[in-house]
Amino acid sequence: MSEERAVLAGGCFWGMEDLIRKRDGVLSTRVGYTGGDIPNATYRDHGTHAEGIEIIFDPDKISYRQILELFFQIHDPTTPNRQGNDIGMSYRSAIYYVNEEQREEALRTIQDVEASGNWPGKVVTEVEPAGDFWEAEPEHQDYLERVPNGYTCHFPRPDWVLPRS
């Protein structure tokens, strides 16, 4: 079995983790802070970091493209610094690529999302190289598994799906 890493930010990390971790081929997830300016970020002090999710996946079972398509279906990539009721830089949409192939796939996927006309506006998702990922506190890991009716602003949108060729 091979493993690859993906790092995404799309609003509150609880809901993203809950939906992504359930996909076949996702081996592990952890939530944390990434894409920002301070070391050792925490919930109370994460500077310009986004709430993000690190995904370890088996590319023989789920492709990076499939992960990105799910990412674009479960959060709104057209709202700058916002997801639902969550507002601020922490809740921005971002893809943090770990290699050139991921960067190219992220840009292709964004082009396809915009060309589809299925989303409500222009994609504002940042595409940046992955940097430090500061793991969130234990109470944030696996949150919706421990608190099944806890807060989330993430859900699959049936109309936000890319057409298959």
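1. Histidine 75, polar contacts. The side chain of histidine 75 makes a polar contact with the side chain of serine 93, at 2.7 Å. The model is predicted, so the distances in this note describe that model. A second partner is the backbone: a polar atom of the histidine 75 side chain lies 2.6 Å from the backbone oxygen of phenylalanine 71.

2. Histidine 75, setting. Histidine 75 sits in the loop between α2 and β4 (82-83). Is it buried or exposed? Histidine 75 counts as buried, because its relative accessibility is 0% and the limit for buried is under 20%. Residues up to four places away in sequence aside, histidine 75 touches Gly10, Gln83, Ser93, Thr125, His154, Arg157 and Trp160.

3. Glutamate 51, a charge without a salt bridge. Glutamate 51 lies in strand β3 (residues 50-57). Glutamate 51 is buried, yet has no salt bridge. How far away is the nearest side chain of opposite charge? That side chain belongs to arginine 92, and the distance is 10 Å. A salt bridge needs nitrogen and oxygen within 4 Å, so arginine 92 does not qualify.

4. Glutamate 51, what it does reach. The side chain of glutamate 51 reaches the backbone nitrogen of phenylalanine 13 at 3.1 Å. Neighbours within four places in sequence are left aside for the contact list. Among the residues in contact with glutamate 51 are Ala9, Gly10, Gly11, Cys12 and Phe13. The list also includes Gly32, Tyr33, Tyr43, Ser90 and Tyr91.

5. Salt bridges at arginine 21. The whole structure has 14 salt bridges. One of them joins the side chains of arginine 21 and aspartate 142, at 2.5 Å from N to O. This pair links distant parts of the chain, 121 residues apart. Arginine 21 is in the loop between α1 (13-20) and β2 (26-34). Aspartate 142 is in the loop between β8 (133-135) and α4 (143-146). Glutamate 145 also forms a salt bridge with arginine 21, at 3.5 Å from N to O. That pair spans 124 residues, with glutamate 145 in helix α4 and arginine 21 in the loop between α1 and β2.

6. Exposure at arginine 21. Arginine 21 has a relative accessible area of 21%, so it is partly exposed. Aspartate 142 is partly exposed as well, at 27% relative accessibility.

7. A salt-bridge network. Arginine 65 and aspartate 112 meet through their side chains in a salt bridge of 2.8 Å, N to O. Arginine 65 is in helix α2 (residues 64-74) and aspartate 112 in helix α3 (residues 100-116). The two are 47 residues apart, and the pair links distant parts of the chain. Which residues share partners here? Arg65, Glu69, Glu105, Arg108 and Asp112 are joined into one network. Aspartate 112 counts as partly exposed, at 34% relative accessibility.

8. Cysteines. How many disulfides are there? The structure holds zero. Cysteine 12 is in no disulfide, and its nearest cysteine sulfur is that of cysteine 153, 6.1 Å away. That separation is too far for a bond, because a disulfide here requires sulfur atoms within 2.5 Å. Cysteine 12 is buried at 6% relative accessibility. Cysteine 153 is buried at 10%.

9. Aromatic pairs, stacked case. The structure holds five aromatic pairs. One of them is tryptophan 14 with tyrosine 143: ring centres are 3.7 Å apart and planes stand at 15 degrees, so the pair is stacked. This pair links distant parts of the chain. Tryptophan 14 is in helix α1 and tyrosine 143 in helix α4, 129 residues apart. Tryptophan 14 is buried, with a relative accessible area of 17%. Tyrosine 143 counts as buried at 17% relative accessibility.

10. Aromatic pairs, edge-to-face case. Phenylalanine 71 and phenylalanine 72 have ring centres 5.2 Å apart and planes at 65 degrees, so the pair is edge-to-face. Phenylalanine 71 is buried, with a relative accessible area of 0%. Phenylalanine 72 is buried too, at 1%. Phenylalanine 71 ties back to the opening point: its backbone oxygen lies 2.6 Å from a polar atom of the histidine 75 side chain.

Technical notes: Residues numbered from 1 in each chain as written. Predicted model: local features only at pLDDT ≥ 70, side-chain atom pairs only at ≥ 80, totals over all residues. Heavy atoms only, no water. Helix = DSSP H or I, 4+ residues; strand = E, 2+ residues; numbered from the N terminus. Buried < 20%, exposed > 50% of the residue type's maximum accessible area, 1.4 Å probe, protein only. Lys, Arg positive; Asp, Glu negative; His and termini not counted. Polar contact = N/O pair within 3.5 Å; in protein donor to acceptor, adjacent residues only side chain to side chain. Contact = heavy atoms within 4.5 Å. Phe/Tyr/Trp six-rings, centres within 6.5 Å; stacked < 30°, edge-to-face > 60°.
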